[in-house]
Amino acid sequence: MSTLAQRAQRAAAVAALHADTVDRDGRFPLEAVTALKAERLLGLQIPSQFGGEGAGLREIADVCSTLGQACSSAAMVFAMHHIKVASLVAHGLESAWHCHLMERIAQEQLLVASSTTEAGIGGDLRTSFCAVETNGTVFALGKDASVISYGTQADLILATARRHPEAAGSDQVLVTLFANQISLERRSVWDTLGMRGTCSDGFRLEARDIPVEQILPKPFAEIAAQSMLASSHLLWSSVWFGIANSAVDRARTFVQAEARRQPGQVPPTALRLAEVSNALQAMRSAIVSALRRYEDAHGDADTIGSIGFSVMLNNLKTTASEMAVDIVQRALSIVGLAGYKNGTPFSLGRPLRDVLSAPLMIGNDRILANTAKLLLVQKGGGQLMSA
């Protein structure tokens, strides 16, 4: 039986074959996602009692990194899918309907997307304009979603909305909507510098006569604090590490080729390679440390929702996103023109364009501003060996 690493490598090999065309055409990485489904990787997190493998976030992060080395868009689709699955696993066990949904995700390898952003709120996922309108046992929802990544390719979408039309913008719920229950009218097109294959178009989402049991019972505030924040920052960072790792691998191959051409001499670029390898190791250590802290706190809502834990996750996101960009840029400086040109074994244009999205996915300034507020009320400090 194949190991998880072998399954991930097979899917990544398919993703790599089509990565350039996915980027060039700005199309969904269909071949990669088909391979992920064939390898049964979309149900990894689903508990075993529902037909999944009960994988932890560290195992999911490893797959994100492997895919990130092959195709950034495919890796990000996989990460975003599992971010939503993490919310179902953490908060759907008390709902018979959502338990059955998890069985379907594992059995049918359903692809899950997210609709948390909304036109007019500036990317603040903790605020909604739209509201659930309940009528007896069913509800309706209309949402101007500024971004729904791979919205037209997803089998179901988890969308945020106010609990009812009179609720405050922060009083939100998370609703589950199957593709055949909604209409999506495209309002904007995802024509971007990088991460083009995520196909994050904007839509007007309309849903009518949806059974109320498709609303997750937990308030979205709890879902965001206890699962979504951690899974987002940890899995995104793992994708960015994969991109950075791939760039360093190309730089290493380039320097080794230089060394073979000049036996007995150390190429001048070898020192730069040592420096960037050190930076890559530091990035990996930061992600692994955060994953371990999350696993240690798994199931402890008070710890995961604490100020200190939120600050740690915020710091991981801002640090990892900036390090990834720096590492790919350093790799490009080592490779030089062979990396700047497209179509060479050392081309780094696509990884660089893709990784430039990292500081912008929930902008680092927004996250730092939130961290600053948290630090104003946080008490005490950590110790070196217990941080």
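**A guided look at two sheets and some packed helices**

Visitor: In what order do the strands of the open sheet of four strands stand?
Guide: This is a predicted model: local features need pLDDT of at least 70, side-chain atom pairs count only at pLDDT 80 or more, and totals for chains, interfaces and linings use all residues. Residues are numbered from 1 along each chain as its sequence is written, and side-chain values use heavy atoms, with hydrogens and water left out. Strands here are DSSP runs of E, at least two residues long, and helices are runs of H or I, at least four, all numbered from the N terminus. The pairing in this open sheet is antiparallel, and the order of its four strands is S2-S3-S7-S6.

Visitor: Which are the edge strands there?
Guide: Two strands pair if DSSP finds at least two bridges between them. An edge strand pairs on one side only, and that fits strand S2 (133-135) and strand S6 (182-188).

Visitor: How many bridges join S3 to S7?
Guide: Strand S3 covers residues 138-148 and strand S7 covers residues 201-211. They run antiparallel, with Leu 141 standing opposite Ala 207 in S7. The number of bridges joining S3 to S7 is eight.

Visitor: By how much are neighbouring strands of this four-strand sheet turned against each other on average?
Guide: Angles run from 0 to 180 degrees between N-to-C directions, and axes are lines fitted to C-alpha atoms, for helices over the stretch in contact. Here, though, direction is ignored, and the average turn is 15°.

Visitor: What about the sheet of three strands: which ones stand at its edges?
Guide: This open sheet has mixed pairing and the order S1-S4-S5. Two of its strands have a single partner strand each, so one side of each is left without a neighbour in the sheet. Those are strand S1 (112-115) and strand S5 (172-178).

Visitor: What is the bridge partner of Ala 161 in S5?
Guide: Strand S4 (residues 156-162) and S5 run antiparallel, joined by seven bridges. In S5, the partner of Ala 161 is Val 173.

Visitor: Which helix packs on that sheet and touches S1 and S4?
Guide: Contact means heavy atoms within 4.5 Å. Helix H5 (residues 96-108) lies across S1, S4 and S5, at about 45° to S5. The helix touching S1 and S4 makes about 85° with S1, and this is H4 (residues 72-91).

Visitor: At what angle do the axes of H1 and H3 cross?
Guide: Helix H1 (residues 4-25) and helix H3 (residues 57-68) have axes that come within 9 Å. The two helices count as roughly parallel, because angles under 35 degrees do, while over 145 is roughly antiparallel, 65 to 115 roughly perpendicular and the rest oblique. Their crossing angle is roughly 30°.

Visitor: Which residues of H3 make the contact with H1?
Guide: H1 brings Leu 4, Ala 8, Gln 9, Ala 11 and Ala 12. H3 answers with Glu 59, Val 63, Thr 66 and Leu 67.

Visitor: And are H1 and H2 roughly parallel or roughly antiparallel?
Guide: The axes of H1 and helix H2 (residues 30-38) come within 8 Å. Ala 11, Val 14, Ala 15 and His 18 in H1 meet Glu 31, Ala 32, Ala 35 and Leu 36 in H2. The axes cross at roughly 170°, so H1 and H2 are roughly antiparallel.

Visitor: How many strands does the protein chain have?
Guide: Its C-alpha trace spans about 80 × 50 × 45 Å along the principal axes. Alongside 12 helices, the number of strands is seven.
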